[in-house]
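Student: I would like to go through this protein chain step by step. Where should we begin?
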Amino acid sequence: MTVQNIRFDASTHELVLLDQTLLPHEARYVTIETLEEAERAIETLQVRGAPAIAYFGAFVLAKEAGRLVDDPDFTRRLEIVGRRLIATRPTAVNLQNVIESLLELNVGDDFEQIAGEIERRAVALYDRDVDTYRSIGEHALTVLPAGGNILTICNAGAIATSRYGTALAPFYVGKEQGVTFNVFACETRPLLQGARLTVWELDQADIDVTLITDNMAAWTIQAKGVDAIIVGADRITRTGHVANKIGTLQLAVLAKHYGIPFYVAAPHSTFDLTADDAIEIEERDAKEVTHIGGQPTAPVGITVFNPAFDVTPPELITGLITEAGVFEANETAITHHVGGTVHV
């Protein structure tokens, strides 16, 4: 059973999310009442994972549209809401794609009809993508060895999407079909999404998982006979460059060194067919590196470089796994499989 991380009641506009900053110690759901609370939820990683942020943003836009229907300045104010949401997470393209798509509906003076259509599409998007992530899991099962040792990083699971996840989807779908894996999860410094979230949700689902620190990856591949690496993505360009959690690039380099496959799992909504290898990388607060659990671990005032993501070049990627299947990370294959189907 996977964990549901976002709940939106269309009849009451109540928006509730699982506060991922409290995991694994506490599974607490919080209610989001205002746009400011929603922005903080994304910025502080109460909600995280490129697809999940997109659903959350869509529900926030729907909620704000419903609140603004009696405002004569509805069109301009809803546009501002959308731009503020997009600005909270510049690297992940899913949020931008979803919000810009919904804002295309913000035309005309029937504000109640516009708000209703945005809400309907937001709910439909969330429900539809459950099937998308199951398909990703099924396609991943065709390339991952049953019973194999599989390494992953960060969290690209059920709590980062609507269900099943992307990189973790084959483990959930495999369990449903009686196919097991031995999963090794990198802890993912500095915010420990692997240790706090991936290990937690796989353990909740009774899937075999072993936690390692990030600097154990090479030795684990060698000592434990890791068969493949699978990761999620925050943005995939038309040239096959993949932006994902910091640490992904070094795993791709290790996969090439050890001669094991390196897969990236993501829905079509993660593709940015307008971009090449130039991807904006978000840098976060230095305290994420200099502190652990609120306690300092480095000299006060030390210079810190804290990029939240890195970019893996296509030559290090064995295959991209989407709802359409598994294909190579190059412009020809991406255009063939994804071109014209990037939807929200």
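Tutor: Begin with a term: a residue counts as buried when its relative accessible area is under 20%. The model is a predicted one. By that cut-off, the buried share of the 344 residues in the protein chain is 56%.

Student: How many helices and strands does the protein chain have, and how does its radius of gyration compare with the globule rule?
Tutor: The secondary structure consists of eleven helices and 16 strands. For 344 residues the globule rule gives 20 Å, and the protein chain is close to that value, so it is as compact as a globular protein of that length. Its C-alpha trace spans about 65 × 50 × 40 Å along the principal axes. The counts asked for are eleven helices and 16 strands, and the radius of gyration is 20 Å.

Student: Of the contacts between residues at least 6 apart in sequence, what percentage join residues at least 24 apart?
Tutor: A contact here means heavy atoms within 4.5 Å. Among the contacts of the protein chain between residues at least 6 apart, the share that joins residues at least 24 apart is 76%.

Student: What part of the exposed area comes from carbon and sulfur atoms?
Tutor: The area that the protein chain exposes is about 14,300 Å². Carbon and sulfur atoms supply a share of 50%.

Student: How far apart are the mean positions of the positive and negative charges?
Tutor: The protein chain has 26 positive and 47 negative charges. The mean positions of these two sets are separated by 3 Å.

Student: Are the two faces of strand β10 covered or uncovered?
Tutor: Strand β10 covers residues 262-265. On one side are Phe-262 and Val-264, on the other Tyr-263 and Ala-265, and all of them are buried. Both faces are therefore under the 20% cut-off that defines buried, and the word asked for is covered.

Student: Which strands pair with β10, and in which sense?
Tutor: Strand β7 (residues 228-231) is joined to β10 by three bridges, with Ile-230 standing opposite Tyr-263. Strand β15 (residues 319-322) also has three bridges to β10, and there Leu-320 is the bridge partner of Val-264. The partners are β7, parallel, and β15, parallel.

Student: Is Ile-260 buried or exposed, and what does it touch?
Tutor: Ile-260 lies in the loop between α9 (248-258) and β10. Its relative accessibility is 15%, so it counts as buried. Thr-318 is 58 residues away along the chain, with a C-alpha separation of 8.9 Å. Leaving out residues up to four places away in sequence, Ile-260 touches Ile-221, Val-226, Asp-227, Ala-228, Ile-229 and Ala-255.

Student: Why is helix α6 described as largely enclosed, and what covers its buried residues?
Tutor: Helix α6 (residues 169-176) has eight residues, and six of them are buried, so the rest of the structure largely encloses it. Those six are Ala-169, Pro-170, Phe-171, Tyr-172, Val-173 and Gly-174. The elements that cover them include α5 (111-141), β4 (149-152), β5 (182-186), α7 (193-204) and β7.

Student: Which face of strand β3 is covered, and which strand is joined to β3?
Tutor: In β3 (residues 29-32), the uncovered face carries Tyr-29 and Thr-31. Strand β2 (residues 14-18) is joined to β3 by four bridges and runs antiparallel to it, with Val-16 opposite Thr-31. The covered face is Val-30 and Ile-32, and the joined strand is β2.

Student: Which cis peptide bonds are there to note in the loops?
Tutor: Pro-24 sits in the loop between β2 and β3, and Pro-190 in the loop between β5 and α7. Each follows a cis bond with omega of about 5°. The bonds are Leu-23 to Pro-24 and Arg-189 to Pro-190.

Student: What phi does Cys-154 take, and is Cys-154 buried or exposed?
Tutor: Cys-154 is in the loop between β4 and α6. Its relative accessible area is 8%, so it is buried. Although Cys-154 is not a glycine, its phi is positive, at about 60°.

Key: Residues are numbered from 1 along each chain as its sequence is written. This is a predicted model: local features need pLDDT of at least 70, side-chain atom pairs count only at pLDDT 80 or more; totals for chains, interfaces and linings use all residues. Side-chain values use heavy atoms; hydrogens and water are left out. The radius of gyration is taken over C-alpha atoms; the globule rule is 2.2 Å times the number of residues to the power 0.38. Buried means under 20% relative accessible area, exposed over 50%, partly exposed in between (1.4 Å probe, protein chains only). Accessible areas come from the Shrake-Rupley method with a 1.4 Å probe; for residues, only the protein chains shown count as cover. Lys and Arg count as positive and Asp and Glu as negative; His and the chain ends are not counted. The place of a charge is taken as NZ of Lys, CZ of Arg, CG of Asp or CD of Glu. Two strands pair if DSSP finds at least two bridges between them.
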